[in-house]
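Me: I should like to go through the reasoning behind the terms used for this protein. Please set each value against its definition.

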Amino acid sequence: MPYYRSAGTVPPKRHTQHRAPDGTLYFEELMGEEGFSSDSSLLYHRTIPSTIREYRVWELPDQGRTPNHPLVPIHLSTHALFPDGTSGIDAVTGRRVLLGNADVRLSYVLADTTSPYYRNAIGDECLYFEDGEAVVETVFGDIEAATGDYVIVPRATTHRIVPKRPSRVYAIEGNSHITPPKRYLSRFGQLLEHAPYCERDLRGPSEPRVVEGTDVEVFIKHRGNGPGGVVGTVHVLPHHPFDVVGWDGCLYPFAFNVEDFMPITGKVHQPPPVHQVFEGNNFVICNFVPRKVDYHELSIPVPYYHSNVDSDEVMFYCGGDYEARKGSGIGQGSISLHPGGHPHGPQPGAYERSIGAEYFDELAVMVDTFRPLEIGEGGRAADDGVYAYSWDRASADDRGAADR
Ligand SMILES: [Fe+2]
């Protein structure tokens, strides 16, 4: 995480005694990345954070994946998986895996129920709130999240998700850390002037909460020989995991709202990297936000057809006006997968129709991966089965959906 924060109480000198008013010693935990060689924070616990009373296997929901073979572009309707009114589901155990590979898993859930306490030991999570409102309670403190928010939760952060109202969450689970793009950071980690957002836009946790409790379960997702290389374990702690009186450092969860992303536009079409917001190992996260579009007198505002030969591209359509895309089946909550090896671009009609447009009212979150994506249980269930034909079908009746 780019910069230093401090919350609650910490001793003046690190690795020295920190005591409660009654003289009881707090237990210092360093939570750090890359083997003490990258960002870290120091947390001060009331109880020893290593303590486990019991443990058992957590039988995860289906994590299996199958290859995209025969190779096709696909369209997933996430809202078909979770129609409005779906209830009794939480944002951790209720996720359904859409797509994934060895670097990242993309899941979706409509949650209205409080999740268990949870730790993802595989990598950082980027939770995008398509719609809803929730508190992401973490060992560092609470983060309020609502429509349009990304919440970045560092690997192994104990947390739970408490919906205030039903929340549609697109979960991007990395097998690595998820950070702002390196090219937007100074050599010391500050976001630079040409970055489309800055530190003021990042919302850190509230003051840490100290909660009393015994026999508290923490659900841990971790690497193993299960389907997709993912397994789960439940640790039962004799104390509550939220027992931190203070912390400081540069590693902590934070939120960022997509409306705070200031789009970079140009006289002619700008390539997707200008829309990048975060990155992980072997994948990037971009967002296409409402914006003025290309202003050259002969510009074509929708994208040129492109073979991004090293990537699979996943677009999550999460806001704006999709009238211009009618015919391809893409709408609110849709996901398109455009795999490497298949050139893609606007559906017939859209290319010409975009000429003269000055503004696109659209919102989409894109994940590009450098390894092929396989299709998970949720992806199979949400596949419309016909998207591969949409460029051909559209040519017959000028449906004209504008793909990105
Ligand atoms: Fe594309």
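Reply: Four donors count as tetrahedral if all angles lie between 85 and 135 degrees, and as square planar if opposite donors are over 155 degrees apart and all others between 65 and 115; anything else is irregular. Please note that the model is predicted.

Me: What makes the arrangement around the iron ion irregular?

Reply: The four donor atoms subtend angles of 51 to 165°. A tetrahedral site needs every angle between 85 and 135 degrees, and a square planar one allows nothing under 65. The value of 51° fits neither, so the arrangement is irregular.

Me: Which atoms are the protein donors of the iron ion, and how do you know that they qualify?

Reply: They are His306 (NE2), Glu313 (OE), Glu313 (OE) and His344 (NE2). The cut-off is within 2.8 Å of the metal, and these atoms lie 2.0 to 2.8 Å from the ion. Along the chain, the donors follow the spacing H-x6-E-x30-H. Glu313 belongs to strand E21 and His344 to the loop between strand E22 and helix H2, so the pair ties together parts that are 31 residues apart in sequence. Both Glu313 and His344 are buried.

Me: How do you know that E1 and strand E16 pair?

Reply: Pairing requires at least two bridges; four join E1 to E16, and the two run antiparallel. Ala7, for example, has Trp247 in E16 as its bridge partner.

Me: Why are strand E1 and strand E2 said to stand at the edges?

Reply: The open sheet has the order E1-E16-E3-E2. Strands E1 and E2 each have a single partner strand, so one side of each is left without a neighbour in the sheet.

Note on methods. Residues numbered from 1 in each chain as written. Predicted model: local features only at pLDDT ≥ 70, side-chain atom pairs only at ≥ 80, totals over all residues. Heavy atoms only, no water. Donors = N, O, S within 2.8 Å, 3.2 Å for Na, K, Ca; no water. Tetrahedral: all angles 85-135°; square planar, octahedral: opposite > 155°, others 65-115°. Buried < 20%, exposed > 50% of the residue type's maximum accessible area, 1.4 Å probe, protein only.
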